[in-house]
Structure formats: structure tokens, C-alpha cells
Amino acid sequence: VCVAGGLALLLGCAGTGEMVSLNVQPHQPFVQSGQPEPLKIVVEPFEDLRADKSKLGQRTHLGGGVTNFNVSGGVPGVTIAEALAEALRWRGWNRRGWDARVVQSGVEISGADIVIGGEIREFAANAKSRVFNTKLTGESRLVIKAKNLADDSSTVRNIQGEQTKLVFWFTSEDLETLMSGLLQDGLDRFVADTKIDGRVLKSAK
């Protein structure tokens with residue numbers, strides 16, 4: 001009976017290769033100032049330079065097989081751009097709100113002061129099921145590029161981070177929480193490493 005129960009448990013934990021969408025957008029707190037700053041920021045989708053663009057990662061099941069993960073919408077470059085714009089609108093430099101919006105790459109930009117884009121070198125979420133726990137790993141390596149239209153200067157920041165976590169009962173929300181926290185940490189560090197001087201974004205150091 002025990003052997004049969006164990007086999008049934010393993011078979012029940014087997015992966016089917018399905019694709020599960022993850023919402024990795026960080027939840028932003030309310031902005032403290034009433035009106036956004038009078039400076040327009042445009043954020044373009046990040047260029048995806050990952051070796052495997054078909055998914056964000058996968059869960060390896062104890063009973064064999066995998067479950068695949070991807071961001072909602074399937075385009076991490078858009079997801080990260082939207083997260084950055086949202087962070088700037090709600091909790092940007094000095095905890096103020098800024099006029100930031102996402103536009104498609106190559107779209108003619110009028111009235112913008114700063115254009116921010118970048119590259120995704122790595123953005124991965126994986127889970128490995130083991131006896132009595134599942135190990136979650138998240139990795140992010142981003143290059144964030146800001147161009148100032150006033151003087152044609154630019155600022156480039158390399159942001160990277162990793163997180164791991166063990167859970168007893170795994171759900172996809174566990175990975176969502178891990179990846180949204182990892183993304184928020186990277187965006188916070190970008191803001192901390194830069195500043196607005198007049199209508200120009202530059203390094204804070």
C-alpha cells in the first residue's frame with residue numbers, strides 16, 4: 001500500500017509540459033506627492049538578448065516532466081518596461097511621481113525629455129521539486145540605458161540580482177512573488193544610482 005501510494009504521489013506530481021503565465025509586476029505604494037514632476041519620461045521595451053526567448057523558466061517535477069513559465073503576455077521586454085514606468089510614476093526619485101509612459105521602440109517621440117530602454121541579459125524563474133520541498137531560483141541581469149534629449153547625453157547602468165527560496169507546498173504565486181521582488185529590487189537600485197538634474201538624468205555618483 002505504501003509503495004502504491006508513493007507511486008501515485010509521484011505520478012500525481014509529474015509535469016505535463018504546459019505553459020503557465022506569471023504576473024511579475026511589482027505592487028507599487030501610493031505616491032506621496034500630489035502631482036507628477038513636469039518632466040516627461042518615455043520607456044521603450046527592453047531588447048531581449050536571452051539565449052532562450054521561448055520561456056521564463058520551468059519547474060522540474062519530482063515525478064518527472066516539467067511545467068514551463070513565461071510572463072503574462074509572453075514578452076519580458078514589455079513587462080520590464082511597464083514595471084519601470086509604473087515604478088517611476090508611483091515611487092520615483094525622492095519618492096515623487098514622474099510623468100513616465102511606455103511606447104513601442106521606433107515610435108516617433110515628441111515632447112519627451114528622457115528616453116529609457118535597455119537589454120535583458122537574463123531574466124529567469126525556475127523551480128526544482130524535491131522530497132519535502134521545492135527550491136525556487138530567480139535571476140535578473142539588466143542593462144538600463146537612459147538618453148537625455150536636451151543635451152544628447154546618456155547614462156548606462158548594469159543591474160543584476162539573484163534570489164532563492166525553499167517552499168514546502170509549491171504554487172505559481174511563489175515564483176511570482178520571488179520574481180516581482182527581484183525586479184523591484186533592480187528598479188530601486190537603478191533609481192538609487194541615478195538622479196534628475198534639471199531635465200537630465202545622470203549618475204548619482
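**Exercise 1. A salt bridge in helix α3**

In this predicted model, R189 and D185 both belong to helix α3 (residues 172–193) and lie 4 residues apart, about one turn of the helix. Determine what kind of contact R189 forms with D185, and classify the exposure of R189.

*Solution.* Step 1: The closest N and O atoms of R189 and D185 are 3.2 Å apart. Step 2: A salt bridge requires a side-chain nitrogen of Lys or Arg within 4 Å of a carboxyl oxygen of Asp or Glu, and R189 and D185 do form a salt bridge. Step 3: R189 has a relative accessible area of 31%, so R189 is partly exposed. D185, at 34% relative accessibility, also counts as partly exposed.

**Exercise 2. Helix α2**

Compare the expected span of helix α2 (residues 76–91) with the distance between its end C-alpha atoms. Then state which salt bridge joins E86 to a residue of this helix.

*Solution.* Step 1: The expected span is 1.5 Å times one less than the number of residues. Step 2: Helix α2 has 16 residues and should therefore span 22 Å; its end C-alpha atoms are 22 Å apart, which agrees. Step 3: The side chains of E86 and R89 meet in a salt bridge, at 2.5 Å from N to O. Both residues lie in α2, 3 residues apart, about one turn of the helix. Step 4: E86 is partly exposed at 27% relative accessible area, and R89 is partly exposed at 32%. The buried residues of α2 include I80, L84 and L88.

**Exercise 3. A network of salt bridges**

Identify which residues are linked with E119 in a network of salt bridges, and decide whether E119 is buried or exposed.

*Solution.* Step 1: The network links E119, R121 and K145. Step 2: Within this group, the side chains of R121 and E119 meet at 2.6 Å, N to O. Step 3: Buried means under 20% relative accessible area. E119 has a value of 11%, so E119 is buried, whereas R121, at 37%, is partly exposed.

**Exercise 4. An aromatic pair and a surface patch**

The structure holds 3 aromatic pairs. Classify the pair of F168 and W169, and name the nonpolar patch residues that accompany these two.

*Solution.* Step 1: The ring centres of F168 and W169 are 5.0 Å apart and the planes stand at 85°, so the pair is edge-to-face. Step 2: F168 and W169 make a nonpolar surface patch of about 650 Å² together with L62, V131 and F132. Step 3: W169 counts as exposed at 70% relative accessibility, and V131 is exposed at 52%. V131 is found in the loop between β7 and β8 (133–148).

Note on methods
Residues are numbered from 1 along each chain as its sequence is written. This is a predicted model: local features need pLDDT of at least 70, side-chain atom pairs count only at pLDDT 80 or more; totals for chains, interfaces and linings use all residues. Side-chain values use heavy atoms; hydrogens and water are left out. Rings of Phe, Tyr and Trp (its six-membered ring) pair if their centres lie within 6.5 Å; planes under 30 degrees apart count as stacked, over 60 as edge-to-face and the rest as tilted. Buried means under 20% relative accessible area, exposed over 50%, partly exposed in between (1.4 Å probe, protein chains only). Patches are made of residues with over 30% relative accessible area and no salt bridge: like charges are joined within 9 Å, nonpolar side chains (Val, Leu, Ile, Met, Phe, Trp, Tyr) within 5 Å. Accessible areas come from the Shrake-Rupley method with a 1.4 Å probe; for residues, only the protein chains shown count as cover. Helices (H or I, at least four residues) and strands (E, at least two) are DSSP runs, numbered from the N terminus.
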